[in-house]
Amino acid sequence: MTLCVLPYYYYGLRALIVVAISVATSLLTEYLCTALMRRKYDWRDPSPYANGIMLALLMPASVPYGVMIFASAFMSSVMKYAFGGHHNRIFHPVATAYLLSALCWPSSVLRYPTPAVFGNLSLSESLTDALDRSFTHYVDVSLSSSSWLDILWGKLAGPMGTSCVILILIVTIALYCFRDIPAPLLFSGIATEVLLFILFPISATGWQAALYSIVTGSYMYVLTFMVCDPCFTPLNGFGQVLYGFAYGLTAFLLRKFSGYEDSSVLALMVVSIFPSEFDRFAIFVTDSLDKFRDYAVTKIEDYYIYRRFKKYENLPDNEETAHEPAPETEENTGKDGDSDED
């Protein structure tokens, strides 16, 4: 709910109405689905609330209410209960519902109002005036003249809840400190995206490219709240690193070569299919490395022992005899084999 503060500040009451419609539709749809499946609905389950808020914050504040209702209902019914419920999902419900809405209503989902201090958008069903492409779309074409303060506070055209980088970073740090998100996945996803933008810049270069990679394209929002969803993350630590790398690489390639401004959501759709495969690959790699280490240690020990014995085998005859004990003689043992002391 923290991320709903600035949308209300920039767009007024309409932003909160969009969030409320999304959450209410998600709850009602889940209740109806559990009733049809003859299950008892658990009102304490936080997933419909969280999914409804996440979906609403990916939308523009000007999204028609009917589109929001359809997207939220589709998210809970088709993408969740059609596969068996909360723990049996194949694709991320929020990402799928958003992408379907963007495909069906691009002029409503991919066009955004300009945020304003104490903004007050009209509460009518559909807004078509003064809508523009997102800040991400323009910054991929050329450098932006917007101040970094506006960029960090999200005072730019785009999804109403994904632009304020400062709030997202604060929530990300809090989730990391409470260990609610896996650190290997989080850091590998950030590092991959930053490195790719520096090595293969789209518009800006250097440190500007690194900052643009994080603050634009809803990247940090999707990474923190959707990619790090425990239902879709590998269990193995090395698998989480690979998962974060795959997500960052896919998001970068889609953004660079397709021009799709919310490529991070589409990248999540691609990689969320394979978390178990990343686990299997991570286990295979670690087992292979352990076997190679054991084999290398054994060979090194064998070689060391071989060199030690080889050293003694190659000694000259006089050096070999020098270490042998002197043979017993009559002078040493005395007469009749008795010792001199006797």
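A residue counts as buried when its relative accessible area is under 20%, as exposed when over 50%, and as partly exposed in between. The exercises below apply this to a predicted model.

**Exercise 1. Overall make-up**

Task: State how many helices and strands the protein has, and what share of its residues is buried.

Solution:
- The secondary structure consists of 17 helices and zero strands.
- The protein has 342 residues, and 45% of them count as buried.
- About 18600 Å² is exposed by the protein, with 64% of that area supplied by carbon and sulfur atoms.
- Of the contacts between residues at least 6 apart in sequence, 73% join residues at least 24 apart.

**Exercise 2. Two aromatic pairs**

Task: Describe the geometry of the pair formed by phenylalanine 197 and phenylalanine 252, then do so for tyrosine 243 and phenylalanine 278.

Solution:
- The structure holds 15 aromatic pairs.
- In the pair of phenylalanine 197 and phenylalanine 252, the ring centres are 5.3 Å apart and the planes make an angle of 75°. Planes over 60 degrees apart count as edge-to-face, so this pair is edge-to-face.
- Phenylalanine 197 belongs to helix α10 (residues 183-199) and phenylalanine 252 to helix α13 (residues 237-258), so the pair ties together parts that are 55 residues apart in sequence.
- Phenylalanine 197 has 3% relative accessibility and therefore counts as buried. Phenylalanine 252 is also buried, with a relative accessible area of 3%.
- Tyrosine 243 and phenylalanine 278 form an edge-to-face pair, with 5.7 Å from centre to centre and 80° between the planes.
- This pair links distant parts of the chain, 35 residues apart: tyrosine 243 is in helix α13 and phenylalanine 278 in helix α15 (residues 275-313).
- Both tyrosine 243 and phenylalanine 278 are buried.
- Elsewhere, ring pairs link Tyr9, Tyr10 and Phe118 into a cluster.

**Exercise 3. Salt bridges in helix α15**

Task: Which residues are joined into one network by salt bridges that share partners? Treat the bridge between glutamate 277 and arginine 280 as well.

Solution:
- The structure has six salt bridges.
- Glutamate 277 and arginine 280 form one of these, with the closest N and O atoms 2.7 Å apart. They are three residues apart in helix α15, so about one helical turn separates them.
- Glutamate 277 is partly exposed at a relative accessible area of 40%, whereas arginine 280 is exposed at 51%.
- Arginine 293 forms a salt bridge with aspartate 290, and here the closest N and O atoms are 3.8 Å apart. Because arginine 293 and aspartate 290 are three residues apart in helix α15, they too are separated by about one helical turn.
- Arginine 293 also meets aspartate 294 in a salt bridge, at 3.8 Å from N to O.
- Aspartate 290 is partly exposed, with a relative accessible area of 34%. Aspartate 294 is partly exposed at 42% relative accessibility.
- The shared partners join Asp290, Arg293 and Asp294 into one network.

**Exercise 4. Covered and uncovered positions**

Task: Is aspartate 229 buried or exposed, and how many residues of helix α14 are buried?

Solution:
- Aspartate 229 lies in the loop between α12 (219-227) and α13. Its relative accessible area is 13%, so aspartate 229 is buried.
- Apart from neighbours within four places in sequence, aspartate 229 is in contact with Arg89 and His92.
- Helix α14 (residues 263-271) is mostly covered, since seven of its nine residues are buried. Ser263, Ser264, Val265, Ala267, Leu268, Met269 and Val271 are the buried ones.
- Leucine 211, in helix α11 (residues 206-215), is partly exposed at 35% relative accessibility. Its C-alpha atom is 9.1 Å from that of phenylalanine 197, which lies 14 residues away along the chain.

**Exercise 5. A nonpolar surface patch**

Task: Which residues make the nonpolar surface patch, and which helix gives the most to it?

Solution:
- Leu28, Tyr31, Leu32, Trp43 and Tyr49 make a patch of about 530 Å².
- Helix α2 (residues 13-36) gives the most, with three residues.
- Tyrosine 49 sits in helix α3 (residues 47-58) and is partly exposed, with 32% relative accessibility.

**Exercise 6. Cysteines**

Task: How many disulfides are there?

Solution:
- A pair of cysteine sulfur atoms within 2.5 Å is needed for a disulfide. The count by this rule is zero.
- Cysteine 164 is buried at a relative accessible area of 8%, whereas cysteine 231 is partly exposed at 34%.

Note on methods
Residues are numbered from 1 along each chain as its sequence is written. This is a predicted model: local features need pLDDT of at least 70, side-chain atom pairs count only at pLDDT 80 or more; totals for chains, interfaces and linings use all residues. Side-chain values use heavy atoms; hydrogens and water are left out. Helices (H or I, at least four residues) and strands (E, at least two) are DSSP runs, numbered from the N terminus. Buried means under 20% relative accessible area, exposed over 50%, partly exposed in between (1.4 Å probe, protein chains only). Contact means heavy atoms within 4.5 Å. Accessible areas come from the Shrake-Rupley method with a 1.4 Å probe; for residues, only the protein chains shown count as cover. Patches are made of residues with over 30% relative accessible area and no salt bridge: like charges are joined within 9 Å, nonpolar side chains (Val, Leu, Ile, Met, Phe, Trp, Tyr) within 5 Å. A salt bridge is a side-chain nitrogen of Lys or Arg within 4 Å of a carboxyl oxygen of Asp or Glu. Rings of Phe, Tyr and Trp (its six-membered ring) pair if their centres lie within 6.5 Å; planes under 30 degrees apart count as stacked, over 60 as edge-to-face and the rest as tilted.
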